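I opened this model to look up how its sheet, its helices and its core fit together. These are my notes, in the order in which I checked things.

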Amino acid sequence: MKKNILRRIINPLIDWLFPPRCLICGKVALFNSYLCHDCFFDLEIFGKAPHSFEAENSVIDEVSSLYKFNNVMKILIHNLKYNKCDYIGTFLGNQMGIYYKNTSFKDYDCIIPIPLHRVKKDMRTYNQAEQIANGISQVFEMPVNIGLLKRSVFTETQTKLNQNERQENIKGAFKIKNKKDIPSSAILIDDVFTTGATTSEAANTLKEAGVKKVGVLTAATPLFSRHLKFVFEMDDSEDVDL
Ligand SMILES: [Zn+2]
């Protein structure tokens with residue numbers, strides 16, 4: 001009890017003495033503990049199916065990305081993936097939850113984050129897609145299911161591959177862990193939608209297991225090839241894309 005009171009006094013004092021700085025521009029962050037007001041409004045809403053998504057013959061029933069992959073989003077995603085800023089995932093998930101709560105995405109049974117390979121999750125200490133999924137779940141009040149889908153195959157780096165090669169590279173990378181408890185519908189969550197190869201393979205695995213409807217929500221999607229190149233380079237900053 002005393003500890004809590006002490007914390008309530010000390011934390012604001014620390015914030016006053018050393019105010020949190022915006023991750024993007026370095027100014028004092030007033031909007032929340034890592035983003036200033038201006039940079040928050042530099043995030044550009046997209047809210048549609050990514051340009052690289054081809055609905056024809058897709059196993060994905062519907063897909064939407066909340067933000068454009070602009071310079072502000074690039075820094076947020078980079079910090080989420082490589083600098084242990086897991087709270088950015090929760091923040092993005094909350095924003096997605098607010099944006100999509102009155103849409104058809106609210107009608108699914110559960111939320112499934114694209115799983116990371118065990119080795120990669122250990123390296124990163126968390127799965128960024130799971131952080132985003134938790135943020136959406138807080139708003140949707142929909143369960144997050146991390147017990148169903150597993151990434152079992154250690155795949156080679158995807159960086160220099162085109163869409164077809166990526167699809168081939170990721171084939172068979174996912175497995176179903178628990179065949180007894182198959183939901184009838186699920187939303188797959190990822191941070192960025194690039195070519196859609198990963199989400200399509202995960203959706204395919206779920207459908208083969210008996211999930212009837214699979215939607216996909218991602219925090220961002222690149223609009224131009226130079227953005228796409230940067231997303232690929234982010235993958236390249238690690239030895240392997242697991
Ligand atoms: Zn800022």
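The entries below go from the whole chain to the sheet, the core, two helices and a few single residues.

**Entry 1, the whole chain.** I note at the outset that this is a predicted model. I counted 9 helices and 7 strands in the protein, and I found that 38% of its 242 residues count as buried. I then looked at contacts between residues at least 6 apart in sequence, and 72% of these join residues at least 24 apart.

**Entry 2, the sheet.** I traced an open sheet of 5 strands in the order E1-E2-E7-E6-E3, and its pairing is mixed. Strand E1 (45–48) and E3 are at the edges with a single partner strand each, so one side of each has no neighbour in the sheet. Neighbouring strands here are turned by 20° against each other on average, with direction ignored. I looked more carefully at the pair E3 and E6, which run parallel and are joined by 4 bridges, and there I saw Ile 111 standing opposite Ile 187 in E6.

**Entry 3, helices on the sheet.** I asked which strands H4 and H6 lie across. H4 lies across E1, E2 and E7 and runs at about 120° to E7, while H6 lies across E3, E6 and E7 and runs at about 125° to E6.

**Entry 4, the core.** In soluble globular proteins, nonpolar side chains tend to be buried together, and I therefore looked for such a cluster next. The largest nonpolar core has 58 residues, and those that touch the most other members are Met 73, Ile 111, Ala 186, Ile 187, Leu 188, Ile 189 and Ala 219. Among the elements that each supply at least two residues of this core are strand E2 (62–68), helix H3 (71–82), helix H4 (86–100), strand E6 (185–192) and strand E7 (213–221). I also noted that domain 1 (1–42) and domain 2 (43–236) each contribute at least three residues to this core. I followed Leu 188 by itself and, leaving out residues up to four places away in sequence, found that Leu 188 touches Ile 112, Ile 114, Thr 199, Ala 202, Ala 203, Val 214 and Val 216.

**Entry 5, helix H6.** I checked the length of H6, which has 13 residues and reaches 19 Å from its first C-alpha to its last, close to the 18 Å expected at 1.5 Å a residue. Of these 13 residues 10 are buried, so H6 is largely enclosed by the rest of the structure. The buried residues include Gln 128, Glu 130, Gln 131 and Ser 137 as well as Ile 132, Ile 136 and Phe 140. The buried residues of H6 pack against H3, H4, E3, E6 and E7. Just after H6, I saw that Glu 141 takes a positive phi of about 55°.

**Entry 6, helix H8.** I repeated the length check on H8, whose 12 residues should span 16 Å at 1.5 Å a residue, and its end C-alpha atoms are 16 Å apart, which agrees. H8 is mostly covered, with 9 of its 12 residues buried, among them Ala 197, Thr 199, Glu 201, Ala 202 and Leu 206. Gly 210 follows H8 and has a positive phi, near 115°.

**Entry 7, the loop before H8.** Is Gly 196, in the loop between E6 and H8, buried or exposed? I found 24 other C-beta atoms within 10 Å of Gly 196, which is therefore buried, the cut-off being 20 or more. Leaving aside neighbours within four places in sequence, Gly 196 is in contact with Ser 52 and Phe 53. The C-alpha atoms of Gly 196 and Gln 167 are 8.5 Å apart, although 29 residues separate the two along the chain.

**Entry 8, positive phi in loops.** Most residues other than glycine have a negative phi, and I therefore looked up the exceptions. Asn 57, in the loop between E1 and E2, has a positive phi of about 60° although it is not a glycine. Asn 57 has 6 C-beta neighbours inside 10 Å and therefore counts as exposed, for which the limit is 12 or fewer. Thr 125, in the loop between helix H5 (118–124) and H6, has a positive phi of about 70° and is likewise not a glycine. Thr 125 counts as exposed, with 8 C-beta neighbours inside 10 Å.

**Entry 9, Ser 33.** I ended with Ser 33, which I found in the loop between helix H1 (2–17) and helix H2 (37–42). Ser 33 has 14 other C-beta atoms within 10 Å and is partly exposed. Ser 33 and Pro 19 are 14 residues apart in sequence, and their C-alpha atoms are 8.6 Å apart in space.

Note on methods. Residues are numbered from 1 along each chain as its sequence is written. This is a predicted model: local features need pLDDT of at least 70, side-chain atom pairs count only at pLDDT 80 or more; totals for chains, interfaces and linings use all residues. A nonpolar core is a set of buried Ala, Val, Leu, Ile, Met, Phe, Trp, Tyr and Cys residues joined through C-beta atoms within 7 Å. Domain bounds come from an automatic or database domain assignment. Two residues are in contact if their C-beta atoms, placed from the backbone, lie within 7 Å. Two strands pair if DSSP finds at least two bridges between them. Axes are lines fitted to C-alpha atoms, for helices over the stretch in contact, and angles run from 0 to 180 degrees between N-to-C directions. The expected span of a helix is 1.5 Å times one less than its number of residues.
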